[in-house]
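Let's take a walk through this structure together, one piece after another. Keep the view open beside the text and rotate it as you read.

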Amino acid sequence: MKILIVDDEKEFAATLCQRLTLRKYEVKEAHSGAEGLAALEDSAADIVLLDLKMPDMDGLEFLAVLRKKQPQTKVIMLTGHGSGEAGEQALTMGASAYLMKPVDFKELLTTIEATAPA
Amino acid sequence: MQKKSFIARMLPDSGVTSSAGVQEHRYRQFFRSFTIILLVLVLVPMSVIALLSYSQYKRLLEEEEVNHLLLSAEQAEDSVARFIVKLRAIINFAGHDDRYHELLQPSTLNQLFARLQKSFPDFTDIEVISPAGKTVAYQGNYVSEPRDYTNELWYQQTLKSGFYISSLFQGFRGISHFVVAIARKMPAEPGKTAAENNRYWVMRVNIDGNTLQRYVESTGAIAADDIFLIDHNRMVQTIPRRYGQRGEISPYLAGKGLNKAMTAAVTAHREALTSAITIDIQHIPDKKRGNLQVLRATVPVSGSPWQLVMIKEFYTYSPQWLGFRNRLLFYFICCGGLAVMVIIVISRAITNHIHDNESKRQQLLLEAEHSDKLASIGRLAAGVAHEINNPLAIISQKAGLMEDYMEITTDFEHKDELAKALAGIDQSVDRCKTITHRLLGFARHTDIKGEEIAINTLLQEVAAFVEREASYSQITIVFSLADGLPKIFSDRGQLQQVFLNILNNAIDAINDKQKQSRQQSKATDNVDTPGGKRGGTITITTEEICLLTDSKKRTSGVLVKISDSGTGMSKETLKYLFEPFYTTKKAGKGTGLGLSISYGIIQKLGGSIEVASQPGEGAQFTFTLPVTNEPQTESEENRA
């Protein structure tokens with residue numbers, strides 16, 4: 001399964017990337033919205049782990065663009081603050097799930113498995 | 001310094017900075033100046049009007065008085081003058097020029113006297129005096145010695161002007177009378193020169209003084225308080241009713257001048273008057289009324305040596321004037337008193353109104369300041385929480401990664417210890433996560449899930465959670481729930497969180513009180529009750545209320561009161577109660593976030609929390625919640 005992590009926190013993205021790779025996922029990382037979209041152009045991913053707050057592009061904007069270009073790609077939102085409001089909004093825009101940071105890794109894995117296309 | 005307007009200076013200072021004592025002083029000052037201004041505004045015009053009507057009426061009366069006296073005096077003078085003219089006519093007729101010799105006959109004189117007495121009973125005698133000045137005939141009530149009048153003043157005057165009228169005098173017979181005399185030319189005797197023929201005989205008549213008295217009394221008796229005659233020596237000729245004695249010198253010299261109004265009235269009449277009337281004011285000592293002020297009119301009676309004096313008491317003694325003055329005074333005092341009372345009441349009401357409004361405003365200001373402070377603390381907390389969340393996520397993932405590698409690595413020295421350390425990191429991250437999420441919750445970053453809620457049921461459900469714990473400490477939870485409360489549209493989970501938090505605090509407070517009383521009973525060696533006083537009550541009350549929304553609309557809402565019989569709180573604690581991280585619990589027992597989160601939630605749900613408490617008296621939390629909640633729109637920064 002191909003996963004793309006889009007998060008401007010490089011350390012976070014890198015660590016998550018490492019941990020998922022250990023679990024035999026094919027993982028790439030991007031550190032901005034633009035970078036993420038470019039990576040997806042390069043090779044499509046099954047699931048995108050998308051941060052809500054990024055310097056160049058809002059997570060929701062990214063989601064909107066992605067839904068247009070590659071509607072088959074699943075998106076799991078990671079929100080940095082306690083409110084689920086933005087997450088709920090992402091769900092209405094086509095995201096598959098949202099998780100609150102700091103993410104519980106086990107929960108993340110479960111969500112990925114649940115979201116993954118059969 | 002900025003100049004303040006008069007009104008601004010008068011109004012009490014609205015500054016929050018002034019102390020209560022200064023404020024009270026300012027309100028008193030305001031009350032005083034306001035009252036004084038109103039009093040001046042009302043009493044001054046009132047006094048002016050009263051004084052004006054007083055002086056106007058006084059002026060009118062004065063004019064009236066003078067007019068009346070002038071007319072009466074003139075009438076009286078006229079009447080007396082007519083009498084004298086009549087008297088003179090009669091005597092002139094009786095003493096016809098050529099009757100001299102006729103009258104020397106006693107029978108003729110007797111007849112004449114009888115005729116005269118018939119029409120004038122006051123004629124007391126009649127005397128014929130020869131040109132030589134000697135009595136030649138006499139007829140009258142008294143026996144008269146023949147006398148020689150040649151050197152007497154009246155005789156000489158009679159000869160000079162042909163007619164003489166004397167002042168009243170007490171004759172040698174002790175009866176008051178006056179004399180009228182006429183001089184007549186002797187009948188011409190043939191053979192004598194014109195100069196020799198130019199001789200005059202005199203007829204002298206004595207008249208009873210009472211005639212004059214009757215006459216004077218019948219004239220103008222109604223118009224004046226007194227009327228009498230005086231002669232040129234100011235000797236009183238008739239009997240005055242009150243002011244003086246007949247035969248005495250009238251004691252009243254020219255008196256005080258008239259005032260403006262009176263002089264004007266006299267001047268206005270001057271042209272119409274035929275006689276030379278003078279009017280003045282006299283002050284006469286009076287036994288009853290002290291110094292009596294009277295108006296005196298003096299008019300010379302034409303054809304006589306007399307002056308008519310008419311006296312009228314000043315209008316100030318008339319019941320008309322006294323009545324007017326008393327009524328005016330009465331109304332003035334009544335109206336003035338009423339005005340003063342009303343003004344004081346109004347001033348007090350206005351002062352109190354301003355006072356109340358000002359205190360309410362200051363109260364609101366303080367509340368606004370407080371909630372503003374809480375809001376900014378909330379924003380700060382949310383910012384901090386958000387910033388910490390990111391590194392926390394990294395720490396969590398790094399630790400996770402290490403655990404991942406540990407799992408796929410064969411055993412090495414201290415592997416177990418390392419695993420334990422990583423687990424410790426995980427636990428700490430979880431604790432941090434709880435705190436950051438709560439902080440974000442306080443800053444209203446949580447959602448509202450709207451649904452219809454029966455508040456009574458919700459409270460009972462929440463109470464059920466803590467029932468077991470409460471029963472350990474023998475705490476009774478008493479419900480006093482209103483029937484038929486409207487269902488509210490709100491977030492069930494969050495309300496549960498709030499009420500659970502309050503109930504837990506209440507139980508803690510009661511437990512603390514129990515501990516305190518146990519310690520006290522230990523200290524007093526009270527062996528009988530080793531457990532101390534146990535038990536306590538939590539009362540939950542609900543009722544329907546009316547709420548005012550921000551846009552001043554009325555909506556219905558519910559009120560929830562939760563009171564406990566716990567330790568209560570000090571003023572200091574109440575001040576910081578809703579601030580994050582403020583706790584009175586022992587370290588490790590509370591985060592100090594419970595009430596601040598509750599505050600945030602209730603605010604978000606459009607309601608309010610109030611606390612009333614005193615140390616040792618328990619605490620009472622009052623919540624209001626609107627029936628319909630319009631969720632507040634999230635600001636941009638919260639969305640990101």
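## A guided walk through chains A and B

Our starting point is in chain A, where five strands form an open sheet of 5 strands in the order 2-1-3-4-5, with parallel pairing. Strand 2 (26-30) and strand 5 (97-100) of chain A are at its edges; each has a single partner strand, so one side of each is left without a neighbour in the sheet. Going from one strand to the next, the twist averages 20°. Please keep in mind throughout that this is a predicted model.

Now look inside that sheet. Strand 1 (residues 2-6) and strand 3 (residues 47-51) of chain A pair in the parallel sense, with 4 bridges between them. To find the pairing on screen, pick I3(A): its bridge partner in strand 3 of chain A is I47(A). Helix 3 (residues 59-69) of chain A packs on the sheet, where it touches strand 1, strand 3 and strand 4 (74-79) of chain A. The direction of helix 3 makes about 155° with that of strand 3 of chain A.

Helix 3 also takes part in a charged pair. Side chains of opposite charge can pair when their charged atoms come close. Here E41(A) forms a salt bridge with K69(A), and their closest N and O atoms are 3.5 Å apart. This pair links distant parts of the chain, since E41(A) belongs to helix 2 (residues 33-42) of chain A and K69(A) to helix 3 of chain A, 28 residues apart. Over all chains, the structure holds 14 salt bridges.

Before leaving chain A, have a look at its backbone after strand 5. Most residues other than glycine have a negative phi, and most peptide bonds are trans. Between K101(A) and P102(A), however, the peptide bond is cis, with omega about -5°. You will find P102(A) in the loop between strand 5 and helix 5 (105-115) of chain A.

Let's cross over to chain B. How many residues does each chain bring to the contact? Chain B gives 23 residues and chain A gives 27 residues. The area buried between the two chains is about 2,400 Å², and carbon and sulfur atoms give 54% of that area. Between chain B and chain A there are 3 salt bridges. One of them joins the side chains of E11(A) and K398(B), at 2.6 Å from N to O. The two chains also have 10 residue pairs in polar contact, counting pairs with both residues at pLDDT 80 or more.

Which parts of chain B face chain A? Helix 9 (319-408), helix 10 (415-442) and helix 15 (636-639) of chain B each supply at least two residues of the side that touches chain A. The largest share, 14 residues, comes from helix 9 of chain B. Sorted by class, this side of chain B has 8 nonpolar, 9 polar and 6 charged residues.

From the contact, follow chain B out of helix 9. In the loop between helix 9 and helix 10 of chain B lies H414(B), a residue other than glycine whose phi has a positive value near 65°. A similar stop comes at Q474(B), which is not a glycine but has a positive phi of about 55°. Q474(B) is in the loop between helix 11 and strand 12 of chain B.

Strand 12 brings us to the sheet of chain B. This is an open sheet of 5 strands in the order 12-14-15-17-16, with mixed pairing. The edge strands are strand 12 (475-480) and strand 16 (608-613) of chain B, each pairing on one side only. On average, neighbouring strands of this sheet are turned by 20° against each other, direction ignored. Strand 16 and strand 17 (residues 619-626) of chain B pair in the antiparallel sense over 6 bridges, and V611(B) stands opposite F621(B) in strand 17. Finally, helix 11 (residues 455-472) of chain B lies across strand 12, strand 14 (536-548), strand 15 (554-564) and strand 17 of chain B. Helix 11 runs at about 170° to strand 12 of chain B.

Key:
Residues numbered from 1 in each chain as written. Chains lettered and ligands numbered in written order. Predicted model: local features only at pLDDT ≥ 70, side-chain atom pairs only at ≥ 80, totals over all residues. Heavy atoms only, no water. Contact = heavy atoms within 4.5 Å. Buried area = accessible area lost by both parts, 1.4 Å probe. Salt bridge = Lys/Arg side-chain N within 4 Å of Asp/Glu carboxyl O. Polar contact = N/O pair within 3.5 Å; in protein donor to acceptor, adjacent residues only side chain to side chain. Nonpolar A, V, L, I, M, F, W, Y, C, P; charged D, E, K, R; others polar. Pairing = 2+ DSSP bridges. Axes fitted to C-alpha atoms, helices over the stretch in contact; angles between N-to-C directions.
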